[in-house]
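Biologist: Before I ask anything in detail, could you put the sequence and the model in front of us both?

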Amino acid sequence: MPASGRDADDVKAELLRLPAVTAVQGATVVEGNTPSTTPMTFDIVLDNPAKAGDTVQVSTSGATPGTDYVALTNVPVPLIPGATTTPLIVTVNGDNTIEADEQVTLTLSNPSPGVVLDVSSGNGTIQNDDGVPQVSIDDVTVKEGDVPSTITASFTVLLTDPAVGGETITVDTAGVTAAEVLIGFALGSLLGAVIGYVLGISPTAVAMRIEDDGPGPAVDETTAARSGRRGIADMRAEAVACGGTLDIGPVPGGSGMAVSFRWPA
Ligand SMILES: [Ca+2]
Ligand SMILES: [Ca+2]
C-alpha cells in the first residue's frame with residue numbers, strides 16, 4: 001500500500017468518480033418585450049458530483065448575440081462541489097419584433113483537470129411572443145357644448161400587440177357633417193335659431209337649407225309684413241351681419257324657393 005494510504009484500487013475508484021459532463025440542458029423561455037429580460041437556465045449535468053475547484057468555460061452562440069441575449073465568451077463557471085447539476089443563466093433580452101423562435105447554444109470548453117466533457121453543448125429556445133397587431137377603436141360620446149365652445153372627442157386606437165414603431169393607419173371621419181345638417185326652419189326665425197343650434201355640431205362651419213312652399217305670406221301675416229318684416233332682405237342682412245352668407249333660388253326640380261345659409265361665409 002502506498003504511503004498515502006491509497007492503493008491502486010483506490011486510485012482507480014477515484015478516477016472512476018471523476019465527474020464527466022453528460023448533458024447541457026437548455027430551457028425554453030418566452031421572449032418578453034422591450035425592455036424586459038428573462039433568465040434562460042442551462043443545467044450542466046455531471047455523472048458524478050463535482051469537486052471543489054472543478055470548472056468549465058462557457059460561450060454562447062446562435063440568434064443574434066448581444067441583441068437577443070447577453071452573450072458569453074469563454075466565461076469560467078465553477079461547478080458546484082458535491083452537486084451533479086450546476087445551473088448557468090443566460091439573460092434573454094425582450095423585444096417587440098415579429099420573428100420566428102430563436103435558438104441559443106451554450107458550448108463548454110477548457111474543463112479543469114479531472115473534469116471530462118462527454119457532452120460539450122446544449123440548446124435553449126427563445127419563443128417569440130410578438131404578432132401582427134390587430135387594431136380596434138372605441139366609441140366616444142361627448143356633449144356638444146354651447147357657442148362658441150369646441151369639444152374634443154378623443155378616440156382610442158387599441159392594438160393587440162405592441163407596435164414595433166413606424167406603423168401607421170389612416171383614419172377618416174364620417175357621420176354628421178356641416179353640409180349634411182338639414183334643419184327644418186320657419187321663415188322669420190332664421191338666425192337666432194341657426195346659430196344657437198348648429199354651431200355646437202360643427203365647430204368650423206355650418207350649412208343649412210331652408211325651403212318654403214312658395215305661396216307667399218298668408219293673409220293673416222300681412223299685418224306682420226306691414227309692421228316691418230321684409231322676408232329675404234332681412235334674412236340676408238342678418239346672415240351677413242353674423243359673418244355668413246345667404247343664397248336664394250328656386251327649388252331644384254320643383255316649385256317654390258330655397259334659401260341656403262352658410263356660416264362662416
Ligand atoms: Ca416580444
Ligand atoms: Ca420578438
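**Core, sheet and single residues**

Modeller: In this predicted model, the largest nonpolar core has 22 residues, and the members that touch the most others are Ile44, Val90, Val104 and Leu106.

Biologist: Which strand supplies the largest share of this core?

Modeller: Several strands contribute, since β1, β3 (37–46), β4 (55–61), β6 (85–93) and β7 (102–109) each supply at least two residues. Among the contributors, the largest share is four residues, and the strand that supplies it is β3.

Biologist: Which residues does a second, separate core include?

Modeller: This second core is separate from the largest one and consists of five residues. Among its members are Ala239, Leu246, Val259 and Trp263.

Biologist: How many helices and strands are there in the protein chain, and what percentage of its residues count as buried?

Modeller: The protein chain contains four helices and 14 strands. Among its contacts between residues at least 6 apart in sequence, 66% join residues at least 24 apart. Of the 265 residues, the share that counts as buried is 17%.

Biologist: In what order do the five strands of the open sheet follow one another?

Modeller: The pairing in this open sheet is mixed, and its edge strands, each of which pairs on one side only, are β2 (28–30) and β5 (75–78). Neighbouring strands are turned by 30° against each other on average, with direction ignored. Read across the sheet, the order is β2-β9-β7-β4-β5.

Biologist: How many bridges join β7 to β9, and which residue of β9 stands opposite valine 104?

Modeller: β7 and β9 run antiparallel and are joined by six bridges. Within β9, the residue opposite valine 104 is glycine 124.

Biologist: What stands opposite serine 59 in β7, and what stands opposite threonine 55 in β5?

Modeller: β4 pairs with β7 in the antiparallel sense over five bridges, and serine 59 has threonine 107 opposite. β4 also runs antiparallel to β5, with four bridges joining the two. There, the residue that stands opposite threonine 55 is proline 78.

Biologist: Which residues form the covered face of β4?

Modeller: In a regular strand the side chains alternate between the two faces of the sheet. In β4, the uncovered face is made of Thr55, Gln57, Ser59 and Ser61, whereas the covered face is made of Val56, Val58 and Thr60.

Biologist: How many bridges pair β3 with β6, and which residues form the covered face of β6?

Modeller: β3 and β6 pair in the antiparallel sense over nine bridges, and valine 45 stands opposite threonine 85 in β6. Thr85, Pro87, Ile89, Thr91 and Asn93 form the uncovered face of β6, and the covered one consists of Thr86, Leu88, Val90 and Val92.

Biologist: Is isoleucine 126 buried or exposed?

Modeller: Isoleucine 126 lies in strand β9 (residues 121–127), and its contacts, not counting residues up to four places away in sequence, include Val29, Ala63, Val92 and Val104. The C-alpha atoms of isoleucine 126 and valine 104 are separated by 7.5 Å, although the two residues are 22 apart along the chain. Because isoleucine 126 has 28 C-beta neighbours inside 10 Å, and 20 or more are required, isoleucine 126 counts as buried.

Biologist: Why does proline 19 count as buried?

Modeller: Proline 19 has its place in the loop between α1 (8–16) and β1 (20–26). Its C-alpha atom is 5.4 Å from that of valine 115, which is 96 residues away along the chain. Proline 19 is buried because the number of other C-beta atoms within 10 Å is 22.

Biologist: Is threonine 156 buried or exposed?

Modeller: Threonine 156 is found in the loop between β10 (135–137) and β11 (157–159). Leaving aside neighbours within four places in sequence, threonine 156 is in contact with Ile137 and Asp138. With 9 C-beta neighbours inside 10 Å, threonine 156 counts as exposed.

Biologist: Over which residues does pLDDT stay under 50?

Modeller: The protein chain averages a pLDDT of 76, and 70% of the residues score at least 70. Where pLDDT is low, the predicted coordinates should not be read in detail. The model has 47 contacts beyond four places in sequence for the stretch where pLDDT stays under 50, which is residues 178–203.

Notes:
Residues are numbered from 1 along each chain as its sequence is written. Chains are lettered from A and ligands numbered from 1 in the order in which they are written. This is a predicted model: local features need pLDDT of at least 70, side-chain atom pairs count only at pLDDT 80 or more; totals for chains, interfaces and linings use all residues. A residue is buried if 20 or more other C-beta atoms lie within 10 Å of its own, exposed if 12 or fewer, and partly exposed in between; C-beta atoms are placed from the backbone. Two residues are in contact if their C-beta atoms, placed from the backbone, lie within 7 Å. A nonpolar core is a set of buried Ala, Val, Leu, Ile, Met, Phe, Trp, Tyr and Cys residues joined through C-beta atoms within 7 Å. pLDDT is the predictor's confidence in each residue, from 0 to 100. Two strands pair if DSSP finds at least two bridges between them. Axes are lines fitted to C-alpha atoms, for helices over the stretch in contact, and angles run from 0 to 180 degrees between N-to-C directions.
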